[in-house]
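Hi,

Here is the structure I said I would pass on. Have a look at it first, and my notes follow below.

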Amino acid sequence: MVAIPGGVFTMGTQEPAIPQDGEGPARRVHLKSFYMDQYEVSNEQFERFVNSTGHVTEAEKFGDSFVFEGMLSEAVKADIHQAVAAAPWWLPVKGANWKHPEGPDSSISSRMDHPVLHVSWNDAVAFCRWAGKRLPTEAEWEYSCRGGLENRLFPWGNKLQPKGQHYTNIWQGEFPTNNTAEDGYKGTAPVTAFPPNGFGLYNMVGNAWEWTSDWWAVQHSSQELHNPQGPSSGTDRVKKGGSYMCHKSYCYRYRCAARSQNTPDSSASNLGFRCASDTPPEPQ
């Protein structure tokens, strides 16, 4: 974990790219210091948790989870006869879960250092509790993402590829038909890939969406806030950071101010998390 110094920052943006997501208004937020996982929780870490606790994820209980069509084998695709109307590239795949991210014929054996996927909000909370941590609030997450920079689009500044270098794992090419994988990865990348931000945190945007503790709302006060926790109730939880599937033409959410939501029992092949804590981590 990395110690994140307390401070004041501008959360949200006055120039929302996706206004219906509640990215604005920009507001001043004061945060006390806290600790943040340097990396997204990996398959290896999640396996340790499951082996230690016997935890069964919600995707495993439900028997299926959503997978991006472009990652599926022809054999798995042939067995699927429904899709999400608004996003036909999302398919419910029987047997897709954290151990089998693209369905029963896939494995994580060569991806132990990649972010764990198909983890619901409830699963993420269970892992954090086991690890003696918690999920970050949306404000903590966004402050961490910005890495000490003010009013920048990305954790490293405003240019997506400074000096032509890739700083994040997102979609290159035409979404959803052709991912050229110019950044080196068609799906997820190792949690250690790409340069860290100013706080030393890796993959805050792109790679995998990350759950936060906040309930979802799109109306925000423009008043100064101190250690905000989000709304007291809701139906969906906030996720931040975008994923390897994000492309400016469709899902320009690999920005620090961007946000989206899912129900707490949702899981998908681009959704993971990292933990936060109020106290220094115990030596592992």
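Right after helix α4 comes Gly132, and its phi is positive, near 75°. This is a predicted model, by the way, so read every value here with that in mind. The helix itself covers residues 121-130, and its buried residues are Trp121, Asp123, Ala124, Val125, Phe127 and Cys128. As a reminder, an α-helix has 3.6 residues a turn, so residues three or four places apart point the same way. What sits over that buried set? The cover includes two helices, α1 (43-53) and α2 (58-62), along with the strands β9 (209-215) and β11 (237-240).

Those two strands lead on to the sheets. β9 and β11 belong to an open, four-stranded sheet with mixed pairing, in the order β12-β11-β9-β13. At its edges are β12 (260-262) and β13 (271-272), each of which pairs on one side only. Between β9 and β11 the pairing is antiparallel, over three bridges, and Trp215 has Arg237 of β11 as its bridge partner. On its other pairing, β9 runs parallel to β13, joined by two bridges; there Glu210 stands opposite Gly272. Is β9 open to solvent or enclosed? Six of its seven residues are buried, so the rest of the structure largely encloses this strand.

There is also an open sheet of three strands, antiparallel, in the order β1-β4-β14. Its edges are β1 (2-4) and β14 (276-277); each has a single partner strand, so one side of each has no neighbour in the sheet. β4 (residues 34-36) and β14 run antiparallel and are joined by two bridges, with Tyr35 opposite Ser277.

One residue I would click on is Cys275. You will find it in the loop between β13 and β14, and Cys275 is buried, at 0% relative accessible area. Leaving aside residues up to four places away in sequence, Cys275 touches Met1, Met36, Asp37, Val41, Phe127, Cys128, Lys133, Arg134 and Pro136. Two of those contacts, Phe127 and Cys128, are among the buried residues of α4, and Met36 falls within the residue range of β4. Cys275 and Trp141 are 134 residues apart in sequence, yet their C-alpha atoms are 9.7 Å apart in space.

Next, the backbone geometry, in case you want to check it before setting anything up. Most residues other than glycine have a negative phi, and most peptide bonds are trans. Here are the exceptions I noted:

- Gly24 to Pro25 is a cis peptide bond, with omega near -5°. Pro25 is in the loop between β2 (7-11) and β3 (27-31).
- Phe175 to Pro176 is cis too, with omega near 5°. Pro176 is in the loop between β7 (173-174) and β8 (178-179).
- Phe194 is not a glycine but has a positive phi of about 70°. It lies in the loop between β8 and β9, and with a relative accessible area of 15% Phe194 is buried.
- Asn227 is not a glycine either, and its phi is positive, about 45°. Its loop is the one between β10 (225-226) and β11, and at 28% relative accessibility Asn227 counts as partly exposed.

Finally, the overall numbers. The protein chain has five helices and 14 strands. Its radius of gyration is 18 Å, close to the 19 Å from the globule rule for 284 residues, so the chain is as compact as a globular protein of that length. Along the principal axes, the C-alpha atoms fill a box of roughly 55 × 40 × 35 Å. Of the 284 residues, 53% are buried. Among contacts with a separation of 6 or more, 73% are between residues 24 or more positions apart. The exposed area is about 12500 Å², with carbon and sulfur atoms supplying 49% of it. As for charge, there are 25 positive and 31 negative, and the mean positions of the two sets are 5 Å apart.

Cheers

Technical notes: Residues are numbered from 1 along each chain as its sequence is written. This is a predicted model: local features need pLDDT of at least 70, side-chain atom pairs count only at pLDDT 80 or more; totals for chains, interfaces and linings use all residues. Side-chain values use heavy atoms; hydrogens and water are left out. The radius of gyration is taken over C-alpha atoms; the globule rule is 2.2 Å times the number of residues to the power 0.38. Buried means under 20% relative accessible area, exposed over 50%, partly exposed in between (1.4 Å probe, protein chains only). Contact means heavy atoms within 4.5 Å. Accessible areas come from the Shrake-Rupley method with a 1.4 Å probe; for residues, only the protein chains shown count as cover. Lys and Arg count as positive and Asp and Glu as negative; His and the chain ends are not counted. The place of a charge is taken as NZ of Lys, CZ of Arg, CG of Asp or CD of Glu. Two strands pair if DSSP finds at least two bridges between them.
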